[in-house]
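User: I would like to learn how to read the contacts and the strand layout of a protein model, one feature at a time. Could we work through an example together?

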Amino acid sequence: MIVRKYQSLDCEEMAQLFYDTVHTINRKDYSKEQLDVWADGKVDIESWNQRYLSSHTLVAIEDKRIVGFGNIDDQGYLDILYVHKDYQNNQIATKLCNQLEKFVTGKITTYASISAKGFFEKRGYRVIRENEVIRKGITLTNYLMEKE
């Protein structure tokens, strides 16, 4: 597996990975209704592309496909971290996080899903508070977490 900097051509494959992963991996912790508002399959590719170009975004590649991606901004906000549903538990998130965290000195914050909370706790993040996000009238629970 290689980890490299995001390229605009990656965006559509990342959008599909995001949808598939949310609807497969997170279904143990969230209802179908919650998953549908979290990842509705209607990603604004141009908006996502700009978001990733304006931050430190990395993609993990194996077998010529994107198997994970994540991004962090200069202020230490880890915005996104997803691993392909078929490549879970292969240290991909760990490798991405290790490299993303190097872009920042100081505190790192993230909003972790119920499914990802344990991963971040093992990396030394602590829960600041439980958080509720409302999308299209549906409440999703996540956790504001930080690492010094």
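Analyst: Let us begin with one charged pair: the side chains of Asp40 and Lys136 meet in a salt bridge, at 3.3 Å from N to O. This pair links distant parts of the chain, with Asp40 in the loop between helix H2 (32-38) and helix H3 (45-53), Lys136 in the loop between S6 and S7, and the two positions 96 residues apart. The model is a predicted one, in which local features need pLDDT of at least 70 and side-chain atom pairs count only at pLDDT 80 or more, whereas totals for chains, interfaces and linings use all residues. Residues are numbered from 1 along each chain as its sequence is written, and side-chain values use heavy atoms, with hydrogens and water left out.

User: Which atoms and which distance define a salt bridge, and to what number does the count come by this rule?

Analyst: A salt bridge is a side-chain nitrogen of Lys or Arg within 4 Å of a carboxyl oxygen of Asp or Glu. By this rule the count comes to 11 salt bridges. One of them joins Arg126 to Glu146, whose closest N and O atoms are 2.8 Å apart. Because Arg126 lies in strand S6 and Glu146 in strand S7, this pair ties together parts that are 20 residues apart in sequence. Salt bridges also link Glu101, Arg123 and Lys147 in a network.

User: Are Arg126 and Glu146 buried, partly exposed or exposed?

Analyst: The general idea is a scale of relative accessible area, on which buried means under 20%, exposed means over 50%, and partly exposed lies in between (1.4 Å probe, protein chains only). Arg126 is partly exposed at 47%, while Glu146 is buried at 10%. For the pair we began with, Asp40 is partly exposed at 34%, and Lys136 is exposed at 65%.

User: How are S6 and S7 arranged, and over how many bridges do they pair?

Analyst: Strands (E, at least two residues) and helices (H or I, at least four) are DSSP runs, numbered from the N terminus, and two strands pair if DSSP finds at least two bridges between them. Strand S6 (residues 126-135) and strand S7 (residues 138-147) pair in the antiparallel sense over nine bridges, and Ile134 stands opposite Thr139 in S7. The two strands form a hairpin with two residues between them, and Lys136 in the turn has a positive phi of about 50 degrees.

User: In what order do the strands of the sheet lie, and which are its edge strands?

Analyst: Seven strands form an open sheet with mixed pairing, in the order S1-S2-S3-S4-S5-S7-S6. Its edge strands are strand S1 (2-5) and S6, each of which pairs on one side only. Within this sheet, strand S2 (residues 56-62) and S3 pair in the antiparallel sense over seven bridges, with Thr57 opposite Asn71 in S3. On its other pairing, S3 joins strand S4 (residues 77-83) in the antiparallel sense over five bridges, and in the hairpin of S3 and S4, which has four residues between the strands, Gly76 takes a positive phi near 90 degrees.

User: Why is strand S3 described as largely enclosed?

Analyst: Seven of the eight residues of strand S3 (residues 65-72) are buried, so this strand is largely enclosed by the rest of the structure. Helix H1 (residues 11-25) lies across S2, S3 and S4 and runs at about 90 degrees to S3; contact here means heavy atoms within 4.5 Å, and the axes are lines fitted to C-alpha atoms, for helices over the stretch in contact, with angles from 0 to 180 degrees between N-to-C directions.

User: How many aromatic pairs does the count come to, and which residues do ring pairs link into a cluster?

Analyst: Rings of Phe, Tyr and Trp (its six-membered ring) pair if their centres lie within 6.5 Å, and planes under 30 degrees apart count as stacked, over 60 as edge-to-face and the rest as tilted. By this rule the count comes to 10 aromatic pairs. Among them is the edge-to-face pair of Phe18 and Trp48, at 5.3 Å centre to centre and 70 degrees between the planes. Phe18 in helix H1 and Trp48 in helix H3 are 30 residues apart. Ring pairs link Tyr6, Phe18, Trp48, Tyr52, Phe69 and Tyr82 into a cluster.
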